[in-house]
Amino acid sequence: MCIRDRGELIQPEVLLYDSHQRLGITGSADHGAEVAIILYQENPVLDYYFVEVVGHGDKGWIPDHFLSFDPVV
């Protein structure tokens, strides 16, 4: 996982949130971290995944555009 803009890495860490409202931070995941998807929530504007960072244990919600299903190199 990472935050990219036009293919360029702009933030090497993704924050995990307590809900889709993003009022509280529950953890973080480094660029390229493997996550297990627990839930998916489809919303009118922005979809979210509830994930757990593999080997780290942090859990939280992330916007769908921060998640890549392709291996990060």
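## Strands and their pairing

Two strands are said to pair if DSSP finds at least two bridges between them. In this predicted model, strands E6 and E7 meet that requirement, for they pair in the antiparallel sense over five bridges. Within this pairing, Glu 52 stands opposite Lys 59 of E7. The hairpin formed by E6 and E7 has five residues between the strands, and Gly 55 takes a positive phi near 80° in this hairpin. Strand E7 covers residues 59-63 and is mostly covered, as four of its five residues are buried.

## The chain as a whole

The protein chain contains seven strands and zero helices. Its pattern, read along the sequence, is therefore written with strands alone: β-β-β-β-β-β-β. The chain has 73 residues, of which 33% are buried. Its accessible surface comes to about 4800 Å², and carbon and sulfur atoms account for 50% of that surface.

The contacts of the chain may also be described by separation in sequence. Among contacts between residues at least 6 apart in sequence, 35% join residues at least 24 apart.

## The largest nonpolar core

Which residues make up the largest nonpolar core? This core has 10 residues in all: Val 14, Leu 16, Ala 29, Val 35, Tyr 49, Val 51, Val 53, Ile 62, Phe 66 and Leu 67. Strand E3 (13-17) and strand E6 each supply at least two residues of the core. E6 gives the most, with three residues. In soluble globular proteins, nonpolar side chains tend to be buried together.

Tyr 49 is one of the core residues. Its relative accessibility is 13%, and it therefore counts as buried, the limit for that class being under 20%. When residues up to four places away in sequence are not counted, Tyr 49 touches Ile 37, Leu 39, Tyr 40, Gly 60, Trp 61, Ile 62, Asp 64, Leu 67 and Phe 69. Two of these partners, Ile 62 and Leu 67, are also members of the core.

## The aromatic pair of Tyr 40 and Tyr 49

A pair of aromatic rings is described by the distance of the centres and the angle of the planes. Ring centres within 6.5 Å qualify as a pair, and by this rule the count comes to two aromatic pairs. One of them joins Tyr 40 and Tyr 49, with 4.9 Å from centre to centre and 45° between the planes. Why is this pair called tilted? The angle of 45° is neither under 30 degrees, which would be stacked, nor over 60, which would be edge-to-face, so the pair is tilted.

Is Tyr 40 buried, exposed or partly exposed? Its relative accessibility is 43%, so Tyr 40 counts as partly exposed, whereas its partner Tyr 49 is buried.

## Asp 47 and its surroundings

Asp 47 lies in the loop between strand E5 (35-41) and strand E6 (48-53). With a relative accessible area of 15%, Asp 47 is buried. Its side chain makes a polar contact with the side chain of Tyr 40, at 2.7 Å. Setting aside neighbours within four places in sequence, the contacts of Asp 47 are Tyr 40, Gln 41, Glu 42, Ile 62, Pro 63 and Asp 64. Asp 47 and Pro 63 are 16 residues apart in sequence, and their C-alpha atoms are 6.0 Å apart in space.

## Gln 41 and Asp 30

Gln 41 belongs to strand E5. At 27% relative accessibility, Gln 41 counts as partly exposed. Apart from neighbours within four places in sequence, Gln 41 is in contact with His 20, Asp 47, Tyr 48 and Trp 61. Gln 41 and Asp 64 are 23 residues apart in sequence and 9.3 Å apart from C-alpha to C-alpha.

Asp 30 is found in strand E4, which runs over residues 25-30. Its relative accessibility is 52%, and Asp 30 therefore counts as exposed. Between Asp 30 and Leu 15, the separation is 15 residues in sequence and 8.9 Å in space, C-alpha to C-alpha.

Technical notes: Residues numbered from 1 in each chain as written. Predicted model: local features only at pLDDT ≥ 70, side-chain atom pairs only at ≥ 80, totals over all residues. Heavy atoms only, no water. Phe/Tyr/Trp six-rings, centres within 6.5 Å; stacked < 30°, edge-to-face > 60°. Buried < 20%, exposed > 50% of the residue type's maximum accessible area, 1.4 Å probe, protein only. Polar contact = N/O pair within 3.5 Å; in protein donor to acceptor, adjacent residues only side chain to side chain. Contact = heavy atoms within 4.5 Å. Core = buried A, V, L, I, M, F, W, Y, C linked by side-chain atoms within 4.5 Å. Areas by Shrake-Rupley, 256 points an atom, 1.4 Å probe, with all protein chains shown as cover.
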